[in-house]
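Let's look at how the words used for a protein model are earned. Each term gets its cut-off, and then we see how the value compares.

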Amino acid sequence: MHEASLAGGILKLVEDAARREGFRRVAALRLEAGQLAGVEVRALRFALEAIAPDTCLQGADIAIDEPEGQAWCLPCSATVALSQRGDACPLCGSHQLQPTGGTELRVVDMLVEDD
Amino acid sequence: MCVVCGCADSGKGAGVAGQAEPHSHGHDHGHVHEHVHVDPRHGDLHFGGGAARVSVPGMSQARTIKLEADILGENKRIAEQNRRHFESHGVTALNLLSSPGSGKTTLLCATIEALKLRAPALATCVIEGDQQTSFDAERIRATGAPAIQVNTGKGCHLDAPMVAEAFAHLHQHQHQHDHHGHADARSLLFIENVGNLVCPALWDLGEAAKVVVLSVTEGEDKPLKYPDMFAAAELMLLNKIDLLPYLAFDVQRCIEGARRVNPALEVIQLSATTGEGMGAWLDWLMKRCAPEAGDEQARLRARVAELEAALADARAGLRSPAA
């Protein structure tokens, strides 16, 4: 459900940029929602599509990258892959993991058009 | 048209009865005032009262020029403002999170009553988040502690602007009623978030710590099913332990699951009904409220000393078998 709030936040970022840069329409929007960011990508896409009509995002091609989760394993002293919180270290089986990557939630870039 | 409340661009907030009078208290979040209905009796705040019946954080009618790549950046900025505001007023703010029905409000009432005996000088106040009704704030007020209800409308979590607004009202209210002259002493602010084990994990409110409440009637695997919340929390309160004899709830398995997600998570088992374990919870609160707890450097210095002591112990342990 919070994906609707996030979609609102994204639209605000885009509209602010539109005002600043003076464009009217976004043709393509690229987002990053890391595997460990706590976001359901399908729900986020649905929320963006629901909010887009009558805004500069109408008809925009939305791409959502999902950077892989990474964590620092204390026993291994190494960076390891972590696809979801609660999983064990793939090398040593420990749970002493501190997520270091895949927690990002951001607007990367967009392709804009002027009418 | 504004997509948040359905009102016209003029900012009149069409269809919202009893609009709040715009006011200022030194923060840059003016848009909130246009979407919030303030209950004249207690100052409870009702968000999402517009035609769309939803409040979407980060969106506003008055658009700012600043571009932040971080989608939650605007919320984080206001949360940091809240954090500084709380610190400057000597307020320790705790964000209480759980699924609906874990006993948060009962626990809060019991905590406030216990604190009256344990620390009579410590002022306690509460921000209550729910979708609708002021039932919870009324329960808190019955204990004598000031409370303000924030209704999110259809929103599933509190956000930093809502808390900023609520705190400003609460603070104003307290100043009006403060006859004891200890307005500058340390105080405790409980923020009871909307009952939801998913969404509130993402929204920083400016709190000193997130505390997750899990009751033993809910199932021991919740920390693994809803890991984000347990990863974000500093303390887990395992509530309703008086019911354990009647349930097949494996406490150890629950704690192990929670620590898989968050190895540093502290755990206190308690029952708000019988009072069992409340002492440990009050100890934890008193520690967080101590003036030095607000001093991040002092906290880090203490942590460094702790780790150095552990290292010295470990070294001594390594040397002794060789000797």
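**Reading the terms**

In chain A, 3 strands make an open sheet with mixed pairing, in the order β2-β1-β6. Its edge strands are β2 and β6 (105–113) of chain A, each pairing on one side only. From one strand to the next, the twist averages 15°.

This is a predicted model: local features need pLDDT of at least 70, side-chain atom pairs count only at pLDDT 80 or more, and totals for chains, interfaces and linings use all residues. Residues are numbered from 1 along each chain as its sequence is written, while chains are lettered from A and ligands numbered from 1 in the order in which they are written.

Q: How do you know that β1(A) and β6(A) pair, and in which sense?
A: Two strands pair if DSSP finds at least two bridges between them. β1(A) and β6(A) have 8 bridges, in the antiparallel sense, so they pass that definition. Strands themselves are DSSP runs (E, at least two residues), helices are runs of H or I with at least four, and both are numbered from the N terminus.

Q: What makes the pairing in this sheet mixed?
A: Strand β1 (residues 25–33) of chain A pairs with strand β2 (residues 61–65) of chain A in the parallel sense over 5 bridges, while β1(A) and β6(A) pair in the antiparallel sense. A:Ala28 has a residue opposite it in each neighbour: A:Asp61 in β2(A) and A:Leu111 in β6(A).

Q: What makes a β-α-β unit right-handed?
A: With the strands pointing away from the viewer, the path from the first strand over the helix to the second must run clockwise. The unit made by β1(A), helix α2 (residues 41–51) of chain A and β2(A) is right-handed.

Q: Why is A:Asp54 called exposed, and B:Lys240 buried?
A: A residue is buried if 20 or more other C-beta atoms lie within 10 Å of its own, exposed if 12 or fewer, and partly exposed in between, with C-beta atoms placed from the backbone. A:Asp54 has 9 C-beta neighbours inside 10 Å, so it counts as exposed. B:Lys240 has 24 other C-beta atoms within 10 Å, so it is buried.

Q: What makes the phi of A:Asp54 and of B:Lys240 worth a look?
A: Most residues other than glycine have a negative phi. A:Asp54 is not a glycine, yet its phi is positive, about 65°. B:Lys240 is not a glycine either, and has a positive phi of about 65°. A:Asp54 is found in the loop between α2 and β2 of chain A, and B:Lys240 in the loop between β8 (235–239) and α7 (251–261) of chain B.

Q: Why is α2(B) called roughly perpendicular to α8(B)?
A: Angles under 35 degrees count as roughly parallel, over 145 as roughly antiparallel, 65 to 115 as roughly perpendicular and the rest as oblique. Helix α2 (residues 104–118) of chain B and helix α8 (residues 278–289) of chain B pack at about 70°, with axes 11 Å apart. That makes α2(B) roughly perpendicular to α8(B).

Q: How do you know which residues meet between α2(B) and α8(B)?
A: Two residues are in contact if their C-beta atoms, placed from the backbone, lie within 7 Å. Among those that meet are B:Ala110 and B:Leu115 in α2(B), and B:Trp281 and B:Leu282 in α8(B).

How values were computed: Axes are lines fitted to C-alpha atoms, for helices over the stretch in contact, and angles run from 0 to 180 degrees between N-to-C directions.
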